[in-house]
Amino acid sequence: MASRSLGGLSGSRGSKKSLSARNAAVERRNLITVCRFSVKTLIDRSCFETIDDSSPEFNNFAAILEQILSHRLKGQVTWFGYESPRSFWDYIRVACRKVSQNCICSIENMENVNSSRAKGRAWIRVALMEKHLSEYISTALRDFKTTRRFYEDGAIVLGEEANMLAGMLLGLNAIDFSFCLKGEGLDGNFPAVIDYTPYLKFTQSSDSISSDEEELRTLGSSGSESSTPETVGPPFIMDENSWFNKCKRVKQKYQLTLEQKGYLEELLRLRENQLSESVSQNKILLQRIEDSDLAHKLEKEQLEYIIVELQDQLKSYQSLDQLSAEVSLSQTSLDPGQSQEGDGKQDTLNLITEGKEDTPSLLGLCGSLTSVASYKSLTSLKSNDYLASPTTEMTSPGLTPS
C-alpha cells in the first residue's frame, strides 16, 4: 500500500510539472503571436492616419509589450526578506544604459511621472518616437547576466522567443509616432489589459452555417407565424457594410501604391539621367588623361634632345679651354717682340668666347625649356653657325715657327 501511494505521488508531481511547462509554453507563444499581430495592425493603420495615444492599435500594442517585459519578472527582496513587486522599468533602466544617446536619464527626471510603471510606459513612447525601440530591446537582451538577475526561468526574454521579439519590433522604425507624455496612458495605478478580439477570427464550415440558418428560422417561426426568413436580413446588411469598408480600404491602399509607383518611376528616371551624365563626364576625363599623357611624352622627348645638345656644347667649351691654355703657354715661350701679336691673339680668343656666350643658340635653348616654338627655333640652327672653327683662327703668321 505504501509503495502504491508513493507511486501515485510521484506520478502526480510529474503530471503537474508537465502541465506547468505546457501552460508556460502556451503563454509565451500567445504573447509573441499577439505581439506580431499588433505590429502588423500598427503598420497597416499608419498608412492612413497618424499613430498617437488615441489609437486603439497602439494602446493594445503597449499593453502587449508591457505584458511581455513583465512576464516572470522577479520581485525585489527587502531587508526583512519579503518580496515586493517590481516593474519592467527597473530592468530597462539597468540593461539599456549602454545604448548611445539613450533616454533613460530624461525619463528619470520627468516631473509628472512618478511610479516605476508610468516611467516604463513613458519609455515605450519615447523609444517609438526616436525609432530606437528595437535597439533598446536588442541591447537589453544581449546583457544576459542582467536579464538573468531580473527574470525567472521560463521568461520570454530568456527563451528563444526573445530574438523573434527584437526582429518584430524592427518594423516599427518605419512609423512616425506622435505621443503626449502627460496623458492618461502613463497612469501607473492600473495594469495593462490586452484586447484579443481584433485578432480573433473564427471560420465556420458549411455544415455549421446551414445549421445556424435553420436555428434562426426556427426561432423566427416560434415568435410569430407570419414571420419570414427576412429576420436574418440585418446580419447580411452588416456583412455588406463590412465588405464596403474593406473595398474602401483596398481602394485607398491601391491609390497609395499607385502614388508610390509614380514616385519610384520618377526617381528611377532621375537616377538614369544622372548615370548618363556621369558616364559622359567619365569619357571626357579619360580623353583628357590620354591627351595629357601624350603631351608628357612629347615633352620628355624634347627634354632628352635638349640634354644631348647641352652635352655637345659642354664638350665644345672644354676644347676651347684646352686651346686657350696652349695659346698662353706658347706666348710665354715667344720673344718679347712678339708679345703684341700674342696679345692680339688673346683678344681674338676672348672675342670668340664672348661670341660663344651670346650666340642665339643659347637664347633659343633657354626658351626651349618653356615652349615648343623655341625648341623648333633651336633645331633650325646649325652647329657651324655658332661654333668657332679653331683651325681658321690658329693660322696666324705670329704662331708659325720661324
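In this predicted model, helix 3 passes helix 5 in a left-handed crossing. The two helices, residues 88-95 for helix 3 and residues 116-130 for helix 5, pack at an angle of about 55°, with their axes 8 Å apart, and that angle makes helix 3 oblique to helix 5. On the side of helix 3 the contact is made by Phe88, Trp89, Asp90 and Ile92, which meet Ser116, Lys119, Gly120, Arg121, Trp123 and Ile124 in helix 5. Sorted by class, this contact has five nonpolar, two polar and three charged residues.

Helix 5 also packs against helix 2, where the angle is about 120° and the axes lie 11 Å apart, which makes helix 2 oblique to helix 5. Here the crossing is right-handed. From helix 2, the residues Phe58, Asn59, Phe61, Ala62, Leu65, Glu66 and Leu69 meet Arg117, Arg121, Trp123, Ile124, Arg125 and Leu128 in helix 5, and the contact of helix 2 with helix 5 divides into eight nonpolar, one polar and four charged residues. Arg121, Trp123 and Ile124 of helix 5 are thus named in the contact with helix 2 and also in the contact with helix 3.

A further pair is formed by helix 6, residues 133-142, and helix 8, residues 161-169, whose axes come within 8 Å and cross at roughly 160°. With such an angle, helix 6 is roughly antiparallel to helix 8, and the crossing of these two helices is left-handed. Leu133, Ser134, Ile137, Ser138 and Leu141 are the residues of helix 6 that meet Ala162, Leu165, Ala166 and Leu169 in helix 8; by class, the contact has seven nonpolar, two polar and no charged residues.

The table sets out the three pairs.

| Helix pair | Angle between axes | Distance between axes | Handedness of crossing |
|---|---|---|---|
| Helix 3 and helix 5 | about 55° | 8 Å | left-handed |
| Helix 2 and helix 5 | about 120° | 11 Å | right-handed |
| Helix 6 and helix 8 | roughly 160° | within 8 Å | left-handed |

Empty space in the model can be described in a similar way. Rolling a probe the size of a water molecule over the atoms shows where empty space is left. The count comes to two cavities of 30 Å³ or more, and about 30 Å³ of space lies in the second largest cavity. That cavity is lined by Leu69, Tyr91, Ile92, Ile137, Ala140, Leu141, Val157 and Leu165, a lining with eight nonpolar, no polar and no charged residues. Helix 3 and helix 6 each supply at least two residues of this lining, and helix 6 gives the most, with three residues. Several lining residues also take part in the helix contacts already described: Ile137, Leu141 and Leu165 belong to the cavity lining and to the contact between helix 6 and helix 8, while Ile92 lines the cavity and is named in the contact of helix 3 with helix 5.

The second largest pocket has a volume of about 310 Å³. Of the 16 residues that line the pocket, the closest to its centre are Glu66, Gln67, Ser70, Arg86 and Arg117. Helix 1, residues 2-46, and helix 2, residues 56-69, each contribute at least two residues to the pocket lining, which divides into eight nonpolar, four polar and four charged residues. Glu66 and Arg117, both among the residues closest to the pocket centre, are also named where helix 2 meets helix 5.

Note on methods:
Residues numbered from 1 in each chain as written. Predicted model: local features only at pLDDT ≥ 70, side-chain atom pairs only at ≥ 80, totals over all residues. Heavy atoms only, no water. 1 Å grid on protein atoms, 1.4 Å probe; cavity = no way out; pocket = protein on both sides within 12 Å on 5 of 7 lines; lining within 4 Å. Points joined across faces, edges and corners; volume = space filled by probe spheres on them. Helix = DSSP H or I, 4+ residues; strand = E, 2+ residues; numbered from the N terminus. Nonpolar A, V, L, I, M, F, W, Y, C, P; charged D, E, K, R; others polar. Axes fitted to C-alpha atoms, helices over the stretch in contact; angles between N-to-C directions. Parallel < 35°, antiparallel > 145°, perpendicular 65-115°, else oblique. Left-handed = near helix turned anticlockwise from the far one by under 90°. Contact = heavy atoms within 4.5 Å.
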